[in-house]
Every structure is written in structure tokens, then in C-alpha cells.
Amino acid sequence: MALKRVGSSAVRALTSSAASSAFTRHLHASPGSKKIVGVFYKANEYASLNPNFLGCAENALGIREWLESQGHQYIVTPDKDGPNCELDKHIPDLHVLISTPFHPAYVTAERIKKAKNLQLLLTAGIGSDHIDLKAAAEAGLTVAEVTGSNTVSVAEDELMRILILVRNYLPGYHQVISGEWDVAAIAHRAYDLEGKTVGTVGAGRIGRLLLQRLMPFNCNLLYHDRLQMDPKLESEIGATFEEDLDAMLPKCDIIVINTPLTEKTKGMFDKEKIAKLKKGVLIVNNARGAIMDTQAVVDACSSGHIGGYSGDVWYPQPAPKDHPWRYMPNQAMTPHISGTTIDAQLRYAAGTKDMLDRYFKGEDFPAQNYIVKDGELASQYR
């Protein structure tokens, strides 16, 4: 069996160059003021409407007063792209960069090379693929995120999107706001979720929570992952492990993407793989947009081979106005919102503050938060 429960025996992805450079930039902060830069989306008039709206540039995770009271400099900007952006002005002398998946600051090898003082890259949320992790490892940087901070938020959102697609909700909504009334135009492709086969590609924290939330709907639940679940948990959820992804996908009425974006998963759902799916399959992707071949999704939605596509992740982000997913038929797309509910913001703001505090004190982070440590990538990114 190619996939076994042997996570602890995974081969370490540690190159000699990364190992030697890991000692060149120490994680633990040296004495003195540190320059910390945060990149968050701008909230404008919405910033003041909720005191717990911490994830925007205006409210800056709620840590400004705390940082400045300790003598640190805290620069916050939404301006992250282009040769003259605000972020690039601070790259040469920052010590810590905080970003989010919802408004990702793309930390390229070029930026890392220019960041001579950089020690720590923090993701306020989950998912650090906007960082060139190999370059970060080779430079001896530490990359960490707030693991678990928005898993519930994303799993709930995935369940919502499944129901929106299955019940053909959006055409009905559009009828109402446009003054129309045509039940047949909705009902001819509206179904019950009960009895459908739902497969998740990836069954980590979010994938497992989704499967648990699908239990009451009496679906046939399948999952593919690097590792099989504990048999007791698998039995409680009522899900079946599918070792062979290509064997699982054609069985599914609904496919949910819950795998990280890596070199192996980038463009995974291309024209050939999509052609092997059931005609009319529904796909939910809150993982990462680049896991899908953009044009292949457009073509399949246009032909009806994909019966509905919903998600909140795009590539790049923010999505340009001419991104084809905005205009393809049978889609229920939104901006990247699933993991940035107010509840999630409170959790990832607190988690970011905790790691900064540990950094200043020279303490290790919770082990599950590390994405790159001592030149080694976390197993999900290998």
C-alpha cells in the first residue's frame, strides 16, 4: 500500500544549502527595536463598524499599541504589488513580515534576497503558499502560521457552497432581484444533497471538519489524503479512504478541494483530469485557485461538464477585473472570504500576537505552526 500511516517516517526535505544557511538568520529576536510590517486588505468605511474587525489594514490585528509600547516599529499597508509599492520600500530593513492569504503579499525569492534583516514570516491565518518556501528555507528564515485558526470558518463555508450548487440557488436569487419568476428555470437542475457521493481531495483539519458536518445529510463520503485517518475516527465519520485519487474522482457527484498548494498540486485539475470527472460534477474549491487550470475550468463550466463551480480562491489575488472565472456560467464565486470571519480574525490575531511575543522572548512556537523551520519544510509542503 503506497499510502500508509507513517507520517513520522517521512523523508526530511533538508538540503545542504538550506542546512548551512539556517544558522545565518536567527529566529529569536536580538535586543532592541524591531521593524514589523503587516500587509492586510483595506476596509475603508467598514473598518469602524465592528470593534472585532481586526484583519483589515486600519485595525492591523489589534496589536499596534502593544508593539509600539515595547518600542517596536509597526508599519501596515495594503499596497503590496508593483515595482513602487509601499511594501517594497520596507523590504530592505524589516525584521518581521505579517501577511494573510486573503490579501497575500507574494514573498518571492527576489524579495527575500533584498530583505537582509528579515528573520520571520508570519501568516495571519492558514496557508503560506504566497511565500517562496524553498527560498525562505535556503535563506534560513522561519515561516509560521496560525494553524487551526480558521478551519471551522472554511469548513462551514464549504458546506454552504455545496448546498448553493446542489440546490441551484443563485439563479433563483438573481430572478428575485431582477423582477423575474420562473420556477422551471431553477428546478430543472436542483437536487437534494442526500444520497450524493461527496469526495474531498485532502482530509486534514478542514477536510475532516467538512466530512463531520456532512454526516447528517446521509451522503456517501469519500476522501483522498496522503495519510489515512485513524480507524475509529473514520468509522465515526462514516467516510471511506480512497488511496487512488484518479479512482475516486469519477465516483463523485461533488468534489471539494482541501489540499495545500504545492509544486505537486499546482494545476492538478487540468483539462485531462477534468474530462475524467462525471458530467455535471459540482466542484467547491476554498483551498487555492492555482490548484485548478483556470481555462480548463472555464471551458468545462461552459460546456456543462462541470455543472457548478464555487469557491473563494483565485490566482492571482485580488482577482483582476478580467479574470475569466468572474464571467463563466454555472459559478458561485466570491472574493477570498471563507477564512476571515470575525471569529476567525479574533483567533488568528491572537495567534499572531502570541508568536510575536514568543519571538521577542526567544521561545519556540507551537510545533504545528511551523511551515519552515531550520531549513526544513512542513510535511504538507514537501
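**View 1. Contacts across the whole predicted model.** Among contacts (heavy atoms within 4.5 Å) with a separation of 6 or more, 67% join residues 24 or more positions apart. This is a predicted model, in which local features need pLDDT of at least 70 and side-chain atom pairs count only at pLDDT 80 or more, while totals for chains, interfaces and linings use all residues. Residues are numbered from 1 along each chain as its sequence is written, and side-chain values use heavy atoms, with hydrogens and water left out.

**View 2. Overall dimensions of the protein.** The radius of gyration, taken over C-alpha atoms, is 22 Å; this agrees with the value near 21 Å for a compact globule of 382 residues, the rule being 2.2 Å times the number of residues to the power 0.38. Along the principal axes, the C-alpha atoms fill a box of roughly 65 × 55 × 35 Å.

**View 3. Helix α9 and its surroundings.** Here we look at residues 205-214, where I206, G207, L209, L210, L211 and L214 are buried (under 20% relative accessible area, 1.4 Å probe, protein chains only). Helices are DSSP runs of H or I with at least four residues, and strands are E runs of at least two, numbered from the N terminus. The buried residues of α9 pack against helices α6 (151-166) and α10 (231-237), along with strands β6 (197-201), β7 (220-224), β8 (239-241) and β9 (254-257).

**View 4. Confidence and the N-terminal stretch.** Mean pLDDT, the predictor's confidence in each residue from 0 to 100, is 92, and 92% of residues reach 70 or more. Over residues 1-24 the pLDDT is below 50, though this stretch has 41 contacts in the model beyond near neighbours in sequence. Where pLDDT is low, please do not read the predicted coordinates in detail.

Conventions. Buried means under 20% relative accessible area, exposed over 50%, partly exposed in between (1.4 Å probe, protein chains only).
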